[in-house]
Amino acid sequence: MSNKSGTPKDTHYAKLRRAHRDEKTGGAPAFRPRQPIPPGENAADGLVRLYGLHTVRAALDNPRRRIKKMLVTRNAAERLAIADLAALPFKAELVEPKDIDKVTGSDAVHQGVLIEAEPLKPKRLDALGDARLVLVLDQITDPHNVGAILRSAVAFGAGALITTARHSPQESGVLAKSASGALEHIDQIEVKNLADALGQLHEAGFQTIGLDSDGPAELEKSFAGKKIALVLGAEGKGLRQKTRETVTTLARLDMPGAIRSLNVSNAAAVSLYAARKFLASSE
């Protein structure tokens with residue numbers, strides 16, 4: 001009966017034999033990093049690709065979402081509690097992770113599931129209903145930032161996200177993944193002219209507060225009324241001049257530290273928290 005565990009002496013000689021082989025063959029094999037896989041062709045016209053467990057779970061639970069196709073691994077199907085792919089009301093295919101990599105590219109964190117679906121249709125400004133807290137984005141174009149803002153907006157109970165038809169990111173896998181499911185839980189309103197939209201918000205009883213690092217007042221001391229619209233501009237550029245002239249108030253976040261500005265998605269989260277706290281106290 002052989003002893004497979006080996007002794008320290010056996011291990012020593014094994015290393016010497018490997019070193020001798022490597023020397024004869026020109027050295028140990030070089031490390032070869034995995035080559036990245038680029039994204040495949042775009043989805044068919046009129047469809048978007050969404051991926052990630054939270055994103056897809058929220059899409060499956062949203063009756064407004066029209067899903068056309070799903071690629072899912074066995075593990076992801078279990079985590080999504082999908083027992084029978086054939087029972088889904090759309091085409092669903094069981095695949096390996098590498099099959100989804102070929103569609104999204106290997107840099108996308110798809111977690112083993114991807115869907116192709118129709119994008120959600122933006123609503124009109126007059127569809128705000130009884131919302132008391134909304135977010136307005138002044139030409140913020142980075143889908144990562146907009147997705148993170150959507151997530152904070154849903155977390156703090158904002159009633160809608162208002163963006164311009166131009167200079168705003170379209171619905172995409174990157175935006176939806178950054179939103180972590182929030183895309184399905186908040187009304188998105190698209191307007192042609194932001195200044196006109198702010199005027200309509202004023203008529204509807206909203207106080208519009210533009211966030212500006214050089215704003216004359218602290219945000220917490222600026223709140224008034226029972227409806228608040230927080231207006232945020234793109235990083236670097238900030239609010240456009242027309243927007244600054246149209247909002248009710250320009251306010252800043254009080255930051256006593258050495259750094260005087262935040263990433264726009266972080267600023268949105270802090271502002272939403274402060275606004276929600278004010279509105280709750282005034283009920």
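Here are two short exercises on this structure, each with a worked solution.

This is a predicted model, so to speak for local features pLDDT must be at least 70 and for side-chain atom pairs 80 or more, while totals for chains, interfaces and linings use all residues. Residues are numbered from 1 along each chain as its sequence is written, and side-chain values use heavy atoms, with hydrogens and water left out.

**Exercise 1.** Work out how the rings of Phe156 and Tyr273 are arranged.

*Solution.*
- Start with the rule: rings of Phe, Tyr and Trp (its six-membered ring) pair if their centres lie within 6.5 Å; planes under 30 degrees apart are stacked, over 60 edge-to-face, and the rest tilted.
- Here the centres sit 6.2 Å apart and the planes meet at 70 degrees, so this pair is edge-to-face.
- Now place the partners: Phe156 is in the loop between helix H5 and strand S6, and Tyr273 is in helix H9, 117 residues apart. (Helices are DSSP runs of H or I with at least four residues, strands runs of E with at least two, numbered from the N terminus.)

**Exercise 2.** Find which residues of helix H4 (residues 97–104) are buried, and where they sit around the axis.

*Solution.*
- Buried means under 20% relative accessible area, exposed over 50%, and partly exposed in between (1.4 Å probe, protein chains only).
- By that rule, Ile100, Asp101 and Thr104 are the buried ones.
- They cover an arc of only 110 degrees, taken from the directions from the helix axis to the C-beta atoms, so they lie on the same side of H4.
- Flip to the other side of H4 and you meet Lys98 and Lys102, both exposed.
- Just after H4, Gly105 takes a positive phi of about 90 degrees.
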